[in-house]
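Please open the model in your viewer and keep the selection panel at hand, since each stop on this tour begins with something to select.

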Amino acid sequence: MNSAIPTLITQADPIELIAATTAQLNRVILGKEHQVRLCISCLLARGHLLIEDIPGVGKTTLAHALAESLGLSYQRIQFTSDLLPADIIGISVFDRETGTFQFHKGPVFSQLVLADEVNRATPKAQSALLEAMEEHQVTADGATYPLAAPFFVIATQNPVYQIGTYPLPESQLDRFLMRIELGYPDPALERQLLLGQDRRDLVATLAPTLSPQQLLLMQTMVPKVHVSDALLDYVQALVRYTRESPLFEAGISPRASIGLLRAAQAWALIHGHQGVMPEDVQAVLAAVVGHRLKPRDETAPKTPTEIGQFVLKQVAVP
Amino acid sequence: MSTVTLENHLQQLTPLGQRLVWVIASLALAVAPHFGHIAAWTMLIAALAAAFRMTAEIKHWPLPPRWLCTGIAFAALLGVLAGYRTLNGIDAGTSLLIVMAGMKLLETRSVRDLTVVVFLSYFALFAIFLYNQNMLLLPYMLFTAGLLTMTLMRIHQTEVMPIREAATTTAKMFLQAVPLAALLFLFFPRLPGQFWAVPARQQAITGLSEEMTPGDVSELSLSSAIAFRVKFDGEAPPPRERYWRGPVMHQFDGRTWRYTGARETPQHIASSGATYSYRISLEPQRRNWIFALDMVTGWDHARAFRGEDFQLYARQSQISVLTSFDLESAPTYVTTTELRKEQRLLDTYIPRNRNTRTIELARQMRASAGSDEAFIQSVLTKFGSEEFYYTLQPPALDENAVDDFLFNSKRGFCEHFAAAFTVMARAAGIPARVVTGYQGGEFNPMGGYFIVRQSDAHAWSEVWLEGRGWQRIDPTAAIAPERIERGLDAAISSEEEVPGRVLRQSAVLSQLRMAWDAASTFWNNQIVEFGEAQQTWLLEKLNIKNPRLEYLAIGLIVALLGFFAILSVYLAWKFKPRARDPVAHVYEQLCRKLAKLGVPRQPHEGPNDYVTRAAQARPELAARLAEVQSVYVSLRYGPTPLATQLSRLKFLVNQLEA
């Protein structure tokens, strides 16, 4: 493995690899370049992604396309109100031939797991997944099973005002590094979509642009992206603002501030910046902090995107 | 309600509500001492406003609309105007301040509004000094001012500031303010005269009056209120010379003696023997009487004058606040003035049909004595030898008061003896009058001064003898010489109540009383009384001769500005941002230049976004800006900045023409 690292780097520049991946994804998901980049940054920063939007805007397609492009094993779990933890993590079954219990791994043992409509399942099922996300391992019947590496969860969620949902509590929202929205495509792109090939068929034709090994290597590069004092000042100023502002119930946690920095590092990496720039932080800010800040009253910005934009405007770049 | 539940209640309030509780409590403390001297309705309105505001906060009621607040405030203004007929002056001003503080509560929606209420509370608190400058108020004022400052501090914190921390900071701030306050106190130009003085208000003051009816002085003697304090430069006169001269009574109607008024008359007085110079500090009184040591020979003619009867008067109509005078007196003196005819008539007049037995007795005694001097001596001997009794509780006397006293009761206080003696002298044809004032005084070893109380009130006689002028005759000295030598305690028998006697008999209590009086005298004389004269004296001590107010003011302002300039520089140095990053400095220069070129930076704009935007706005600079951007980003955010890059950046930025 040690000898493999330099070869991989010399073989292909991470920026180019990512650019190729991004380009391929953009051919499938039209007009969502920013979200695609956020999605890849999240993956590189070893975070998990929450996509919150109405059905049919391409959440599943994005997840599937990502899995195909990165050559990752892929499982989709449809969350429903009768979903049980065993349906996610697996179950021990008695093997009559050997006379022992055999653990049958559940769908969570894939590299990319799409947890579709995560807020429709009961909290019990939700927490089974979220614990696996946090621990990177599953414990069943006293035995511990490590999850795949890389391990990336994309959860989708209907906006909470829809009927029959169990909104994720703040503590569980905090486990998602980023939360993004896809939104409607703009009219010109939608026309293209209407005229073009079926997206599902398109996904099936995708070839991997990045191997899982390359992805793992790039994940190790993220924390090494240079962070200057000036940038740390800026990140801390943002964090402090969220904690001191009377507009929010609580500020962002240290886990979230680390996540913010990692996400910015990942963003800087895929954009080929030598060090993390304030713009890198700003690019990921709304996705990282938007879902963690709860507005205190009517005067505060409401939606996560608005919150992100608002916080960004309030804090000066040093 | 226990403190725990109170705290819970507080925590249920919104942050503004919690602050409001503090502000209202502070306001209440600041306004409370005004109770009694301003109209009660104003305080009631403020209290109602506070109660309403707090209820609205708890029950989430909407606050009254602006037009209603304005209406109520205007009505309150009219109320004050109707009540006092003016908006000027202390009472009306204070009432207005308190009402408006209450009204302001009705529209407190933000921290800013609360700040205004706290400032009004400061004013209301300091207005108390316009009414009362008692030293006892000082701890209360300090406490309340501290609470106000704490409240001000706490309402501006986004996080809840612990009370202990707020208190510590406030104490620190107060201590830091002490030198500045002392400087301003000592050197801020004091204007001469009564410019700053507070107009007088009526309040019950005990003291000598313009009439003397038997029983008046003994009644006054029951009060241990302080009349004045005297501090001698050097030695004090012996007790028998400590006669503090007050109003002189000429008119007599058989029972009551009356004072005729003050007229300034230049007179010749030949003094011999010791003279004493001293400072007398008079407690507020209804009149302008200065109880100088008999006979006053030196005083400030601009502030006081000596009347016909040798009484010293202040040139103002009333001594309404504690006032001091520097005087000089000579206890041994001879008045050389001729007695005018009408004066002689007045001072020998006695109502013919009153006190006839006394008149008869006096005429017999004058005939057998042979001379005026011998007659006076025989009367004094009569008082001293016969069954006369000196008491603080003399029986009531009838219309012919002197007859009743001399032949029936034979029990009296100094005014009875003085009145009886004066009537007898007049009956014998000797011009005589009653002098009221004080005699003696208690020495306070802690402050080195004498305290003269109302219980030292005294009355004695003066007779006019041919060739010798007015002579003081004190009949009390004949009956009770201890009164003159050792004071009232010694003269009154131990069965009788004498005010303060118990206090004086306990050494500890007596010491405490003296210490307290010394402290409050220091407060009154050195702090409250500090004025132009003391300031001039202080400046002379500091070798500043003939100080002029303008120079003093300018000097003070320059000194203060200098002080604050140094302080600002120090604070700027102390709290300067972390060692200035030279790269950041150059970037700031760049931002300034670009701002002049019409592309100001938004505070939240990152360098890439900003420089790109600037390049779009000024395409002619695009190439140069691109290099600036890459060098700056590499220096500030890159992993391995090079020193050469910094000079390159400086060069590039300098090249930009703003």
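Begin in this predicted model with the largest nonpolar core, which has 111 residues, and select Met178(A), Leu260(A), Ala263(A), Val284(A), Leu285(A) and Val288(A), the residues with the most contacts inside it. Then colour helix H12 of chain A, residues 254-270, which gives the most to this core, with 10 residues. Staying here, centre the view on Leu285(A): leaving aside residues up to four places away in sequence, Leu285(A) touches Leu238(A), Leu260(A), Gly308(A), Val311(A) and Leu312(A). A second core, separate from this one, has 85 residues, and you can find it by selecting Phe252(B), Val379(B), Phe388(B) and Met424(B), which are among its members. As background to both stops, nonpolar side chains in soluble globular proteins tend to be buried together.

Next, select the contact between the two chains, to which chain A brings 18 residues and chain B brings 15 residues. On the side of chain A that touches chain B, helix H11 (229-244), helix H13 (278-289) and helix H14 (304-314) of chain A each supply at least two residues. If you colour that side of chain A by residue character, you should find 10 nonpolar, 5 polar and 3 charged residues.

Now show chain B by itself, where the secondary structure comes to 25 helices and 19 strands. Of the 658 residues in chain B, 33% are buried, and among its contacts between residues at least 6 apart in sequence, 71% join residues at least 24 apart.

Within chain B, select strand E15, residues 432-439, in which 8 of the 8 residues are buried. Add strand E3 of chain B, residues 243-252, which runs antiparallel to E15(B) and is joined to it by 5 bridges; along this pairing, Tyr243(B) stands opposite Gln439(B). Then add strand E18 of chain B, residues 457-465, which is also antiparallel to E15(B) and is joined to it by 7 bridges, and look for Val434(B), which stands opposite Ser461(B).

For the last stop, return to chain A and select His64(A), which lies in helix H4, residues 59-70. Is His64(A) buried or exposed? His64(A) counts as buried because 22 other C-beta atoms lie within 10 Å, where the cut-off for a buried residue is 20 or more. Apart from residues up to four places away in sequence, His64(A) touches Tyr74(A) and Val203(A). Finally, draw a C-alpha to C-alpha distance from His64(A) to Val113(A): the two are 49 residues apart in sequence and 9.5 Å apart in space.

Technical notes:
Residues numbered from 1 in each chain as written. Chains lettered and ligands numbered in written order. Predicted model: local features only at pLDDT ≥ 70, side-chain atom pairs only at ≥ 80, totals over all residues. Contact = placed C-beta atoms within 7 Å. Helix = DSSP H or I, 4+ residues; strand = E, 2+ residues; numbered from the N terminus. Nonpolar A, V, L, I, M, F, W, Y, C, P; charged D, E, K, R; others polar. Buried ≥ 20, exposed ≤ 12 C-beta atoms within 10 Å, placed from the backbone. Core = buried A, V, L, I, M, F, W, Y, C linked by C-beta atoms within 7 Å. Pairing = 2+ DSSP bridges.
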